[in-house]
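Welcome! Open your viewer, get comfortable, and follow along one selection at a time.

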Amino acid sequence: MTKITDHIKAANGKPIFSIEVIPPIKGDNLKSLLDNIEPLMEFKPPFIDVTYHREEYIERPLPDGTIQKIVTRKRPGTVGICSAIMHRFGVDPVPHVLCGGFSREETEDFLIDLHYLGIDNALVLRGDPAKPFTTFKAKENGYMYASELVEQVANMNKGIYLHEEDTALAPSSFCIGVAAYPEKHFEAADHDTDFQYLKQKIDKGADYIVTQMFFDNKKFIDFVDRCRKEGINVPIIPGLKPLSTRRQLQVLPKLFHLELPADLVRAVEACENDQQARQVGIEWCIQQCRELIAYGAPVMHFYTMGKSDNIMKVAQEIF
C-alpha cells in the first residue's frame with residue numbers, strides 16, 4: 001500500500017483523480033457499489049475513500065407502554081469494502097475512522113485490523129451526532145474531538161498503544177488525513193477558532209487535509225492561502241460534487257452548511273427538469289476542476305453519493 005502523501009509526490013504536479021464511496025445499506029450487497037466504481041477506473045484513481053457510519057438510535061413501543069431504545073447501524077461494512085476494493089481494483093482504500101460511537105479501545109482494535117490488512121491510510125474524523133440527536137456526544141471513554149483521535153493514531157505510528165506503557169510494540173504506519181471546511185465548520189464560533197482546531201490536528205500528526213464540498217473556488221483558494229499563512233503546509237485536497245437535481249439547491253446548503261454561488265443558482269432555477277439541472281451541475285464542476293488544477297490543487301476528489309455517471313462525464317473532460 002502507498003500513502004496518500006506519496007501518491008501526491010509521485011504525481012509530480014499532475015492532478016490525481018479520486019473518489020469517496022458510501023457503504024450500501026444493511027442487507028444490500030456490494031454489486032451496485034463496485035459496478036459504480038468500475039467505469040471510473042478508466043481514470044486510474046490511486047485511492048478511494050470509504051465512509052464509516054456510526055450507530056443510530058430507534059425507539060420501539062412495547063406492549064406495556066414503555067419505549068425501548070434500540071441501537072442499529074444502517075451502513076456497516078467499511079472494512080469489508082476496503083478489502084474488496086484492494087483485491088478487485090488494486091487501489092489503496094482510505095477508510096474513515098470516527099470518534100463518534102467508538103471508545104478508544106474499539107478504535108485501537110479497528111486500526112489494528114486495518115494494519116493487518118496492509119491499509120496504511122486513514123481519514124480521521126469526529127463524525128456526526130447519532131441520529132436522531134442533533135448534538136454530538138462522545139461515547140464513554142471515547143473522543144469528543146478529531147484532534148484527540150489523530151493523536152491516538154499518531155501514537156500507534158510511534159509504537160505507543162493503549163494500556164501497554166511498559167511494552168515495546170511494533171509501530172503502525174498510517175498516513176493520517178483530516179477534514180476541513182473552506183466555509184467554516186458550522187459549530188465553530190468563527191473562522192479563527194476553526195483554524196485553531198485545524199492547526200491542532202496538524203500539530204498532533206495529520207499528514208494531509210480533505211475539504212468539505214464547495215461550489216465557489218474562491219472560498220477554497222482563500223482557505224488554502226490562510227492555511228499557508230497559519231503554517232499549515234500539508235497537502236490540501238479539494239472535495240467536489242456535481243450538483244445533480246434542482247432540489248439540491250435547498251438540500252445541500254442545509255445538510256452541508258455551504259453557500260451556492262448566485263450564478264449556479266440562477267442557472268439551475270432556469271432548468272425545466274432535473275436532467276437539465278444535472279447537465280448544469282456537470283458543466284459547473286468541470287469549470288471548477290479546470291480552475292483548481294490551474295491553481296495547483298493536487299487531487300480532484302469527488303463525493304459520488306453512490307452514483308458515478310455524472311462524475312464520469314466530469315472526469316472525461318478533465319483527465
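## First stop: a buried serine

Start by selecting Ser147, which is buried, with a relative accessible area of 8%. Keep in mind as you look around that this is a predicted model. Ser147 belongs to helix H5, which covers residues 146-157. Now show the side chains around this serine: leaving aside residues up to four places away in sequence, Ser147 touches Gln200, Lys201 and Lys204.

## Second stop: two loop residues

Step back along the chain to Asn141, in the loop between strand S6 (121-125) and H5. Is Asn141 buried, partly exposed or exposed? With a relative accessibility of 37%, Asn141 counts as partly exposed. Check its backbone too: Asn141 is not a glycine, yet has a positive phi of about 60°. Most residues other than glycine have a negative phi.

For another such case, select Lys184. Its phi is near 80°, again a positive value in a residue other than glycine. You will find Lys184 in the loop that links strand S7 (175-180) and helix H6 (191-203).

## Third stop: the nonpolar cores

Next, look for the largest nonpolar core, which has 64 residues. Which residues have the most contacts inside it? They are Ile19, Ile37, Ile209 and Phe302.

Select Ile209 and display what surrounds this isoleucine. Not counting residues up to four places away in sequence, Ile209 touches Val178, Ala180, Leu198, Ile202, Ile232, Val234, Pro235, Ile236 and Ile237. A second, separate core has 29 residues, and Cys175, Leu260, Val280 and Tyr303 are among them.

Now return to the largest core and pick Ile37, one of its residues with the most contacts. Ile37 sits in helix H2 (residues 31-37) and, at 2% relative accessibility, counts as buried. Beyond residues up to four places away in sequence, Ile37 touches Ile19, Val21, Ile48, Ile85 and Phe89. Then add Ser308 to your selection: Ile37 and Ser308 are 271 residues apart along the chain, while their C-alpha atoms are separated by 7.0 Å.

## Fourth stop: helices H7 and H10

Colour helix H7 (residues 217-229) and helix H10 (residues 274-295). Their axes are 10 Å apart, and the two helices pack at an angle of about 25°. Angles under 35 degrees count as roughly parallel, so H7 and H10 are roughly parallel to each other. H7 passes H10 in a right-handed crossing.

To see where they meet, show Asn217, Phe220, Ile221, Val224 and Asp225 on the H7 side, and Gln287, Gln288, Glu291, Leu292 and Tyr295 on the H10 side. The residues of this H7 contact with H10 divide into five nonpolar, three polar and two charged.

## Last stop: helices H9 and H10

Keep H10 on screen and add helix H9 (residues 262-269). Which way does H9 run relative to H10, roughly parallel or roughly antiparallel? H9 and H10 pack at an angle of about 155°, with their axes 9 Å apart. Angles over 145 degrees count as roughly antiparallel, so that is how H9 and H10 lie to each other. H9 passes H10 in a right-handed crossing.

Finally, show the residues in contact: Asp263, Leu264, Ala267 and Val268 in H9 meet Ala277, Val280 and Trp284 in H10. By class, the contact of H9 with H10 has six nonpolar residues, one charged and no polar. You may recognise Val280 from the second, separate core.

Definitions and conventions. Residues are numbered from 1 along each chain as its sequence is written. This is a predicted model: local features need pLDDT of at least 70, side-chain atom pairs count only at pLDDT 80 or more; totals for chains, interfaces and linings use all residues. Side-chain values use heavy atoms; hydrogens and water are left out. A nonpolar core is a set of buried Ala, Val, Leu, Ile, Met, Phe, Trp, Tyr and Cys residues joined through side-chain atoms within 4.5 Å. Buried means under 20% relative accessible area, exposed over 50%, partly exposed in between (1.4 Å probe, protein chains only). Contact means heavy atoms within 4.5 Å. Axes are lines fitted to C-alpha atoms, for helices over the stretch in contact, and angles run from 0 to 180 degrees between N-to-C directions. Helices (H or I, at least four residues) and strands (E, at least two) are DSSP runs, numbered from the N terminus. Angles under 35 degrees count as roughly parallel, over 145 as roughly antiparallel, 65 to 115 as roughly perpendicular and the rest as oblique. A crossing is left-handed if the near helix is turned anticlockwise from the far one by less than a right angle, and right-handed if clockwise. Ala, Val, Leu, Ile, Met, Phe, Trp, Tyr, Cys and Pro count as nonpolar, Asp, Glu, Lys and Arg as charged, and the others, Gly among them, as polar.
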